[in-house]
Amino acid sequence: MRAFACPHCSALVFFENSVCLTCGTEIGFSRAERTIVRADGRHRCANRRTATCNWFADGPGALCDCCVLTRTRPADGDTDALAAFALTEQAKRRLLYQLDDLALPVVGRNEDPRGGLAFDLLSSAHEPVTTGHASGVVTLDLAEGDAGYRERMRVQLAEPYRTLLGHLRHETGHWYWEVLVDRPGRNDDFRALFGDERESYADALERHYSSAPPEGWEDRYVSSYATAHPWEDWAETFAHYLHIRDTSQTAAAFGISVRGPLDAREDLTSEPHESEKDFDAIVAAWLPLTYALNAVNRSMGHTDLYPFVLAPTVLDKLRFVHDLVIARPSYVPA
């Protein structure tokens with residue numbers, strides 16, 4: 001995430017702000033301009049209150065480009081689910097910002113689910129909900145918006161990292177396998193690194209949940225869940241790549257550099273640094289940054305902020321994702 005400044009007083013503002021807390025100017029995010037702008041003469045998203053959305057829409061009463069991607073949401077009277085819905089939409093706006101920033105294709109909702117990303121945000125308080133994906137349609141259980149539930153599941157499933165944004169990045173990653181790997185015909189290159197995705201997905205998941213991950217999995221996978229199936233390995237790796245790119249970009253935007261090649265910049269809202277296209281430069285900046293962040297967390301009495309070790313094979317997989325993302329494929333909906 002890049003840093004943003006108030007268009008009136010130039011004070012730093014957050015991506016989620018609707019008002020500059022320094023001067024009181026009404027502001028919001030313009031996707032077309034990719035920055036925070038004045039609200040003067042612009043139409044607020046219809047989800048301004050329901051989803052605390054600060055994006056602008058094309059007309060009065062319309063949804064913004066991000067909110068319109070949600071096909072299903074809780075009913076207006078479902079207070080608990082709506083609170084989780086607002087948190088999920090906030091994470092989704094960050095996701096869409098990053099996908100745009102990486103020039104990855106994002107296509108609006110239509111009758112053909114292969115046409116692009118769409119989201120069903122459902123509450124399991126009323127019926128069973130399985131977080132998952134289906135050719136671009138991402139289903140998320142809004143129970144993940146409850147910090148207590150999310151922490152219980154994190155411990156139960158032995159996951160070092162579990163967030164709403166992480167879920168969204170993982171599940172959308174499944175669609176980008178179709179876009180970046182399957183449709184362009186890069187399956188052989190994929191299989192050489194990740195394995196053969198034609199293995200039964202159902203059998204693989206059953207085996208994963210009924211037994212411990214293979215010994216030494218840390219040498220080949222970014223997470224234990226990535227061992228379940230090549231598709232899950234890709235989705236976990238893709239999500240992790242987004243974690244790295246976003247966090248590195250945020251650190252650089254605020255002038256944080258820990259013995260890495262990305263120099264601190266006086267202009268916090270500048271355009272992408274050329275080294276963001278160089279995977280080796282990204283890793284060279286990322287690893288020292290994670291050491292520092294972990295040390296800071298420990299000084300505050302917390303566990304490591306970044307509890308991962310990137311083995312050489314994992315780095316090869318991340319490089320594979322990076323090369324496909326940088327290629328920025330053109331995509332026409334099926």
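I began with F119 and looked up its bridge partner in β10, which is V138; I keep in mind throughout that the model is predicted. On the β7 side, I found that T70 has F119 as its bridge partner in β8.

I then went through the pairings of the two strand pairs. Strand β8, residues 118–122, runs parallel to strand β10, residues 137–141, and five bridges join them. β7 and β8 also run parallel, and here I noted two bridges.

Next I wrote down the whole sheet, which is open, has four strands in the order β7-β8-β10-β9, and shows mixed pairing. The edges are taken by β7 (70–72) and β9 (132–134), and each has a single partner strand, so one side of each is left without a neighbour in the sheet. From one strand to the next, the twist averages 25°.

I looked for what packs on this sheet and found helix α1, residues 79–101, which touches β7, β8 and β10. The direction of α1 makes about 160° with that of β8. Checking how far β8 is covered, I recorded that four of its five residues are buried, so I entered the strand as mostly covered.

Last, I turned to the surface, where L12, F254 and I256 make a nonpolar patch of about 280 Å². I placed L12 in strand β2, which spans residues 12–13. The relative accessible area of L12 is 47%, and because buried means under 20% and exposed over 50%, I entered this residue as partly exposed. Since patch residues need over 30% relative accessible area, L12 meets that cut-off with its 47%.

Note on methods
Residues are numbered from 1 along each chain as its sequence is written. This is a predicted model: local features need pLDDT of at least 70, side-chain atom pairs count only at pLDDT 80 or more; totals for chains, interfaces and linings use all residues. Side-chain values use heavy atoms; hydrogens and water are left out. Patches are made of residues with over 30% relative accessible area and no salt bridge: like charges are joined within 9 Å, nonpolar side chains (Val, Leu, Ile, Met, Phe, Trp, Tyr) within 5 Å. Accessible areas come from the Shrake-Rupley method with a 1.4 Å probe; for residues, only the protein chains shown count as cover. A salt bridge is a side-chain nitrogen of Lys or Arg within 4 Å of a carboxyl oxygen of Asp or Glu. Buried means under 20% relative accessible area, exposed over 50%, partly exposed in between (1.4 Å probe, protein chains only). Two strands pair if DSSP finds at least two bridges between them. Axes are lines fitted to C-alpha atoms, for helices over the stretch in contact, and angles run from 0 to 180 degrees between N-to-C directions. Contact means heavy atoms within 4.5 Å.
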